[in-house]
Number of protein chains: 2
Amino acid sequence: METATIKDIARICGVGVSTVSRAINNHPDINEKTKNLIMQTIAEHNYIPNNSARNLKRSESNTIAVLIKGISNPFFNNMLKVLEHEIHRNKYSFLLHRVEEQEDEIEVALLLEKEKRLKGIVFLGGYFSHSEEKLNQLKVPFILSTGGVTEKIDKECYSSVTVDDYKESYKMADYLCKLGHKRIAIIAAPPEEECIGKLRLQGYLKALEDNQIPCDPNLVRYKRDNTLDTFSMKYGYEVTKELLQAEKEFTAVFAISDSIAVGACKAISEAGKNIPEDYSVAGYDGMDIAFYYIPSITTIRQPVEEMAEETIRILFDIIEYGSTNIRKDFPAELVIGQSTKSLIKAEM
Amino acid sequence: METATIKDIARICGVGVSTVSRAINNHPDINEKTKNLIMQTIAEHNYIPNNSARNLKRSESNTIAVLIKGISNPFFNNMLKVLEHEIHRNKYSFLLHRVEEQEDEIEVALLLEKEKRLKGIVFLGGYFSHSEEKLNQLKVPFILSTGGVTEKIDKECYSSVTVDDYKESYKMADYLCKLGHKRIAIIAAPPEEECIGKLRLQGYLKALEDNQIPCDPNLVRYKRDNTLDTFSMKYGYEVTKELLQAEKEFTAVFAISDSIAVGACKAISEAGKNIPEDYSVAGYDGMDIAFYYIPSITTIRQPVEEMAEETIRILFDIIEYGSTNIRKDFPAELVIGQSTKSLIKAEM
DNA sequence: TTGTACGCGTTATCAT
DNA sequence: ATGATAACGCGTACAA
């Protein structure tokens with residue numbers, strides 16, 4: 001049997017297609033009895049409306065799409081949960097769409113906008129480096145959440161919810177300095193990666209400078225390896241092993257993500273050293289693992305839930321009241337764990 | 001400006017719509033020059049073909065969809081990466097679709113099948129408890145990967161790639177027994193959850209039985225809490241705290257996932273106890289964190305990459321040669337970490 | 001090589 | 001309350 005269409009159902013029920021359509025879409029102008037009859041035959045024949053046809057015909061939908069680049073990052077898991085919840089709470093449908101690493105997220109958004117008649121778009125994470133012109137093609141309300149944006153784009157062009165990676169990274173590095181660490185290694189992303197990793201590195205550099213600590217390039221560590229996710233435990237592990245083998249003196253490691261920090265801890269532990277006695281280790285993100293690791297890892301906790309809620313709040317502001325250009329920067333919190341210790345005698 | 005359609009482009013170029021269509025779809029029967037002209041005006045006017053219309057019109061696509069229930073589980077991250085890679089390697093498009101916890105995955109698949117003219121479907125994870133009839137409605141080749149299936153469904157109805165959770169769980173519990181542990185607690189899923197958690201519990205029970213160790217219900221631990229993901233670190237942490245407070249004697253904890261094991265370790269550590277000296281802890285899944293945790297966690301490593309590859313291989317077998325009913329069960333590997341110790345004197 | 005016209009499955013408008 | 005019919009945007013058979 002070929003897959004049934006609305007016409008088949010109409011024919012079987014002896015009614016017109018519009019009546020069937022009305023039944024499906026809960027239109028008011030329909031007799032209870034005919035509706036029941038229709039719904040029943042629909043169930044019997046396993047009829048399923050074709051979404052493409054609906055989207056084609058409908059002028060609008062009630063869908064909000066969340067576009068996420070590289071779904072692998074567990075950091076977004078909590079965020080997604082809240083986003084989905086908030087979207088549903090507002091009676092909208094939630095559509096998660098993953099955009100692949102080499103894809104252009106705007107391009108994808110443009111496609112989706114046409115295909116699904118979206119009401120709004122949330123860009124989660126990623127790093128925007130498009131032209132303004134491209135961005136302006138998006139007719140649908142959208143918001144950037146937790147992502148970086150190149151300086152090339154005028155800030156007036158978009159709304160966003162962010163954490164100031166530069167500032168928060170500075171906060172962490174400064175904290176390590178204030179603990180008395182003079183030789184602080186950083187495990188960063190390869191410099192050619194256009195991403196938040198760059199901002200976190202800059203925050204570190206500035207903190208060193210402000211604390212009158214010269215930056216030793218030997219302690220700025222990263223690794224180019226296509227088989228390796230930059231924000232993975234393995235990356236932290238490998239880079240830290242290299243760092244240890246380099247035999248440069250250092251007392252603290254600042255990893256630009258918690259996953260990296262975990263890998264760093266393991267490498268240090270395997271080298272027979274202890275945390276924080278021999279080396280202090282700090283992470284970034286405030287992921288669960290930072291708290292459940294042994295020792296718990298000092299980290300920068302981003303207020304994930306609040307950010308997700310605010311993201312949706314702003315998006316609805318744009319959708320319903322035509323607001324534009326709303327930008328909200330969330331402060332993150334330095335959460336002190338057991339992985340960092342003070343080198344200052346009075347505190348020891 | 002209203003969003004441009006193929007007609008607009010045709011009019012602007014002074015050609016027919018079919019010519020534009022030919023240009024877009026790389027048809028051979030078209031003059032290079034007109035094609036160039038068309039492509040250029042398309043770029044200039046930011047024309048984007050409407051996918052709904054295409055899907056509606058096209059009789060088939062080259063898309064393979066991966067349906068995943070509850071994307072939060074990081075276990076699937078690696079798997080997804082391989083699946084995507086393999087699908088692309090075979091010149092198909094990859095479509096990831098998340099199905100929400102309360103949604104019916106078959107229902108979703110049926111919808112998607114119509115909407116996207118899918119070539120194949122991979123169901124990743126989840127637990128199938130549908131009627132055979134429902135399953136048979138799926139006309140598109142599909143395969144179950146890494147998921148459980150209710151006994152109610154005839155095994156002849158589907159193809160699958162699995163790990164025998166019962167057997168592997170038995171393996172782990174048996175290993176703990178052989179280490180001399182007599183009092184082995186298990187951190188399981190709430191019994192009403194229809195999922196692999198059940199099989200892992202059963203494997204544990206059987207192993208105890210075969211080792212002549214009576215099962216103490218006080219050591220079978222779980223927690224009902226809707227705010228808590230069963231397979232999360234927090235779950236493991238909370239349940240283990242309860243376990244410790246219950247002051248039942250035990251020497252080992254078997255957590256039915258690595259995340260749970262991490263939480264368990266933390267709870268034990270916070271109670272001032274050591275792993276594995278005071279308590280042995282074992283996990284399940286073979287996630288990265290098991291190896292990077294301190295101590296590394298003894299676990300059951302599922303051959304994720306191989307399973308993903310085999311999933312796609314079988315799916316293509318079904319698509320291209322009409323194979324049916326292929327079932328492959330992968331053995332998993334007991335990976336011994338630092339979190340478990342032997343209680344037998346000779347080995348101490 | 002190119003253009004015209006039809007149909008994909010649905011919703012919405014307009015009669016009835 | 002219901003049915004015929006015109007779109008929605010595109011691909012393609014067919015004619016030119």
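This is a short tour of two DNA strands and two helix pairs in a predicted model.

**Stop 1: DNA strand C**

Start by selecting DNA strand C and the protein around it. You should find 27 residues surrounding the strand, the closest being A:Ile6, A:Tyr47, B:Gly16, B:Thr19 and B:Lys57. Of the atoms of DNA strand C that come within 4 Å of the protein, sugar and phosphate make up 58%.

Now zoom in on single contacts. Begin with A:Ile6, where a backbone N or O atom sits 2.5 Å from a phosphate oxygen of DNA strand C. Next, pick A:Arg54: a polar atom of its side chain is 2.8 Å from a phosphate oxygen of the strand. Then move over to chain B and select B:Arg22, which places a polar side-chain atom 2.9 Å from a base nitrogen of DNA strand C.

Zoom out and colour by helix. In chain A, the elements giving two or more residues to this surface are α1 (6-13), α2 (17-24) and α4 (51-57), and in chain B they are α2 (17-24) and α4 (51-57). Which element gives the most to the surface near DNA strand C? Select α2(B), which provides four residues. If you colour by class instead, the surface near DNA strand C shows nine nonpolar, twelve polar and six charged residues.

**Stop 2: DNA strand D**

Switch your selection to DNA strand D. Here 25 residues surround the strand, and A:Gly16, A:Thr19, A:Lys57, B:Ile6 and B:Tyr47 are the closest. Sugar and phosphate supply 56% of the atoms of DNA strand D that lie within 4 Å of the protein.

Three residues are worth a close look. A:Arg22 has a polar side-chain atom 2.8 Å from a base nitrogen of DNA strand D. For A:Asn31, show the backbone: a polar atom there lies 2.9 Å from a phosphate oxygen of the strand. For B:Tyr47, show the side chain, where an N or O atom is 2.5 Å from a phosphate oxygen of DNA strand D.

The elements with two or more residues at this surface are α2 and α4 of chain A and α2 and α4 of chain B. The largest share, four residues, belongs to α2(A). By class, you will see eight nonpolar, twelve polar and five charged residues near DNA strand D.

**Stop 3: α5 and α13 of chain A**

Leave the DNA and select residues 75-89 and 304-321 of chain A, which are helices α5 and α13; they pack at about 40° with axes 9 Å apart. That angle is why α5(A) counts as oblique to α13(A). The crossing of the two helices is right-handed.

Show side chains to see who touches whom. From α5(A), the contact includes A:Phe75, A:Met79, A:Val82 and A:Leu83, and from α13(A) it includes A:Val304, A:Met307, A:Ala308 and A:Ile312. Sorted by class, this contact has nine nonpolar, two polar and three charged residues.

**Stop 4: α1 and α2 of chain B**

Finish in chain B with helix α1 (residues 6-13) and α2(B), whose axes lie 8 Å apart at an angle of about 105°. How is α1(B) oriented to α2(B), given that angle? The two are roughly perpendicular.

To light up the contact, select B:Ile6, B:Lys7, B:Ile9 and B:Ala10 on α1(B), then B:Val17, B:Val20, B:Ser21 and B:Ile24 on α2(B). These residues divide into six nonpolar, one polar and one charged. While you are here, recall two earlier sights: B:Ile6 is among the closest residues to DNA strand D, and α2(B) gives four residues to the surface near DNA strand C.

Notes:
Residues numbered from 1 in each chain as written. Chains lettered and ligands numbered in written order. Predicted model: local features only at pLDDT ≥ 70, side-chain atom pairs only at ≥ 80, totals over all residues. Heavy atoms only, no water. Near = heavy atom within 4 Å. Polar contact = N/O pair within 3.5 Å; in protein donor to acceptor, adjacent residues only side chain to side chain. Nonpolar A, V, L, I, M, F, W, Y, C, P; charged D, E, K, R; others polar. Axes fitted to C-alpha atoms, helices over the stretch in contact; angles between N-to-C directions. Parallel < 35°, antiparallel > 145°, perpendicular 65-115°, else oblique. Left-handed = near helix turned anticlockwise from the far one by under 90°. Contact = heavy atoms within 4.5 Å.
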